[in-house]
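Hi there,

Here is the structure I promised to pass on to you. Have a look at it first, and then read my notes below.

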Amino acid sequence: MIAKHELTGMILAGGEGRRMGGRDKGLEPFAGLPLVAHTVKRFEGQVHELVINANRNGDAYALFADRVIEDAEGGFKGPLMGIYSGLRAACTPWLLVAPCDSPALPHDLVARMVAGITTESGEHDIAVAFDGERLHPVVALLRTTLADDLAAALAEGERKIDRWYARHAWCRVDMSDCPEAFANLNTEEEKARLELALTPPSQEAP
């Protein structure tokens with residue numbers, strides 16, 4: 001079992017937010033808090049260090065993490081570059097990655113991912129969340145020793161996360177009991193809809 005001191009958590013917040021008019025999604029308000037703060041709660045007290053991968057507004061993100069890291073290469077090259085940057089920056093054997101725009105992630109995400117990396121065939125190099133229908137490749141637990149291999153893949157022009165995962169011993173972590181937890185927000189409409197769905201109904205006065 002992976003211990004807390006062996007695990008770094010990283011929140012991916014390095015995208016351009018194109019479908020939100022170029023705004024920094026992680027800092028968008030959601031249910032009274034910036035979106036990123038909801039993902040932070042899933043890591044609190046369960047990892048050795050919490051890192052946020054962000055390519056702008058570093059001072060704002062620094063309020064929520066132990067460290068803020070930019071992509072190892074500029075130009076908004078996608079989440080695989082963010083994962084590589086985290087693998088390179090982590091000081092622990094394992095890195096658990098989650099996105100900044102999925103505010104309903106399971107509260108026991110860390111425990112489930114750590115438990116899921118080991119199956120009957122042994123301990124894998126990568127574990128990926130699976131909601132019963134589809135994989136969520138930006139919710140993943142990875143060995144940090146994969147950094148050099150990922151550097152080589154990126155240098156070859158690889159940008160597809162699932163293709164790179166397929167090069168390694170990986171497994172699914174069954175999250176089919178809570179598929180709604182993996183809703184990610186790309187537009188104002190999606191944000192408003194999920195915010196409404198997660199807001200408990202107000203109590204009527206007697």
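Let me start with one residue, Met175, which sits in the loop between β11 (170-174) and α7 (188-198). Helices and strands here are DSSP runs, numbered from the N terminus: H or I over at least four residues for a helix, E over at least two for a strand. Before going on, please note that this is a predicted model, in which local features need pLDDT of at least 70 and side-chain atom pairs count only at pLDDT 80 or more, while totals for chains, interfaces and linings use all residues. Residues are numbered from 1 along each chain as its sequence is written, and side-chain values use heavy atoms, with hydrogens and water left out.

Is Met175 buried or exposed? Its relative accessibility is 0%, so Met175 counts as buried (buried means under 20% relative accessible area, exposed over 50%, partly exposed in between, with a 1.4 Å probe and protein chains only). Leaving aside neighbours within four places in sequence, Met175 is in contact with Pro106, Leu109, Arg112, Met113, Ala129, Phe130, Asp131 and Phe182; contact means heavy atoms within 4.5 Å. Ala147 is 28 residues from Met175 along the chain, and their C-alpha atoms are separated by 26 Å.

Some of those partners lead us to helix α4 (residues 109-116), where six of the eight residues are buried, so the helix is largely enclosed by the rest of the structure. The buried ones are Leu109, Val110, Arg112, Met113, Val114 and Gly116. Helix α3 (residues 79-89) is likewise largely enclosed, because eight of its eleven residues are buried; among them are Leu80, Ile83, Tyr84 and Leu87.

Next, the inside. The largest nonpolar core has 33 residues, and Leu7, Met113 and Leu141 touch the most other members. (Such a core is a set of buried Ala, Val, Leu, Ile, Met, Phe, Trp, Tyr and Cys residues joined through side-chain atoms within 4.5 Å.) Elements giving two or more residues to this core include β1 (7-12), α1 (35-43), β6 (94-99) and β10 (135-143), and α4 gives the most, with four residues. Apart from this core lies another, of 24 residues, with Val51, Ile83, Leu142 and Leu146 among them. Not counting residues up to four places away in sequence, Leu7 touches twelve residues' worth of company that you can explore, including Ile2, Trp94, Val110, Val114 and Leu141.Now for a second loop residue. Asp24 lies between β1 and β2 (29-30) and is buried, with a relative accessible area of 8%. Beyond four places in sequence, Asp24 is in contact with Ala13, Arg56, Asn57 and Tyr61. Asn55 is 31 residues from Asp24 in sequence and 9.5 Å away in space, C-alpha to C-alpha.

Finally, the whole protein. How many helices and strands does the secondary structure come to? There are seven helices and eleven strands. The radius of gyration is 17 Å, close to the 17 Å that the globule rule gives for 206 residues, so the protein is as compact as a globular protein of that length. (The radius is taken over C-alpha atoms, and the rule is 2.2 Å times the number of residues to the power 0.38.) Of the 206 residues, 48% count as buried. Among contacts between residues at least 6 apart in sequence, 71% join residues at least 24 apart. Along its principal axes, the C-alpha trace spans about 60 × 40 × 30 Å.

Happy exploring!
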